[in-house]
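Please look over the sequence and the model before reading on, and keep both in view while you follow the report.

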Amino acid sequence: MEAEKIKETVKKAAKELFRKYGYHKTSVNEIAKKARIAKATIYKYFESKEQVLDSILMDYLDQNLYEILNNKVSYASEEEHLKALVMKTSRLSFTACNEFIGWDFVRENANSQEFLKHLSDQLEALLLAAYLQLDNFKNNPARREGLAFLLKASKSIVFSFAFTSVSDSDVRKNFVSFQKEILPFLVKAAL
């Protein structure tokens, strides 16, 4: 097998197992068995199970972010467009963590704070790079700082949902509150 095909096989197997059992309850041995390769082969391409998860999340976010940003819906204003993009990408981030990691792991694991910080920083860089490709930001370098502020603030608030929400209804309430009470002010400050 060629290197990229092996990596994709590992990620596909891990993704299925993470979704079914959660990150914490899935071992590298189980991933190797599902992928029908030796455990050592996984470590040849990925330093750790965490790196496999990181790669899966970045692929997932990158693919979905591309679809969100290339959706040619027209909005009444640049402000409304930016609010919609932030909400969609915030939900995407939350869903990715919920689907592949599981919030119980995030709340209980000693390394989860460091992992979430790393993931959060990667996501912020990915979002900023993607947003700067949009026409209304591409030709306006002065907006970069405001956009960076908006993404950092939004990201921090959304990731805090993991530690304050007990149920799905809490998450929905937090998103509604964020959308109605906080996001409009963040967007205004960014523009």
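The report below takes up an enclosed space, a helix pair and an annotated region.

This is a predicted model, in which local features need pLDDT of at least 70 and side-chain atom pairs count only at pLDDT 80 or more, while totals for chains, interfaces and linings use all residues. Residues are numbered from 1 along each chain as its sequence is written, and side-chain values use heavy atoms, with hydrogens and water left out.

The largest cavity (on a 1 Å grid over the protein atoms alone, a set of points where a 1.4 Å probe fits but cannot get out, lined by residues with an atom within 4 Å of a point) holds about 80 Å³ of space, a volume being the space filled by probe spheres set on the points, which are joined across faces, edges and corners. Among its lining residues are Val86, Leu123 and Phe159, and helix H9 gives the most, with five residues. Helices here are DSSP runs (H or I) of at least four residues and strands (E) of at least two, numbered from the N terminus.

The helices that each give two or more residues to this lining are tabulated here.

| Helix | Residues |
|---|---|
| H5 | 78-100 |
| H7 | 112-131 |
| H9 | 143-164 |

Elsewhere, helix H1 and helix H4 pack at an angle of about 90°, with their axes (lines fitted to C-alpha atoms over the stretch in contact, angles running from 0 to 180 degrees between N-to-C directions) 10 Å apart. H1 and H4 are therefore roughly perpendicular (65 to 115 degrees) to each other.

Finally, the unreviewed UniProt entry annotates residues 27-46 as "DNA-binding region", although such annotations may be inferred rather than shown by experiment. Over residues 27-46 the chain is 75% helix and 0% strand.

Notes: 1 Å grid on protein atoms, 1.4 Å probe; cavity = no way out; pocket = protein on both sides within 12 Å on 5 of 7 lines; lining within 4 Å. Parallel < 35°, antiparallel > 145°, perpendicular 65-115°, else oblique.
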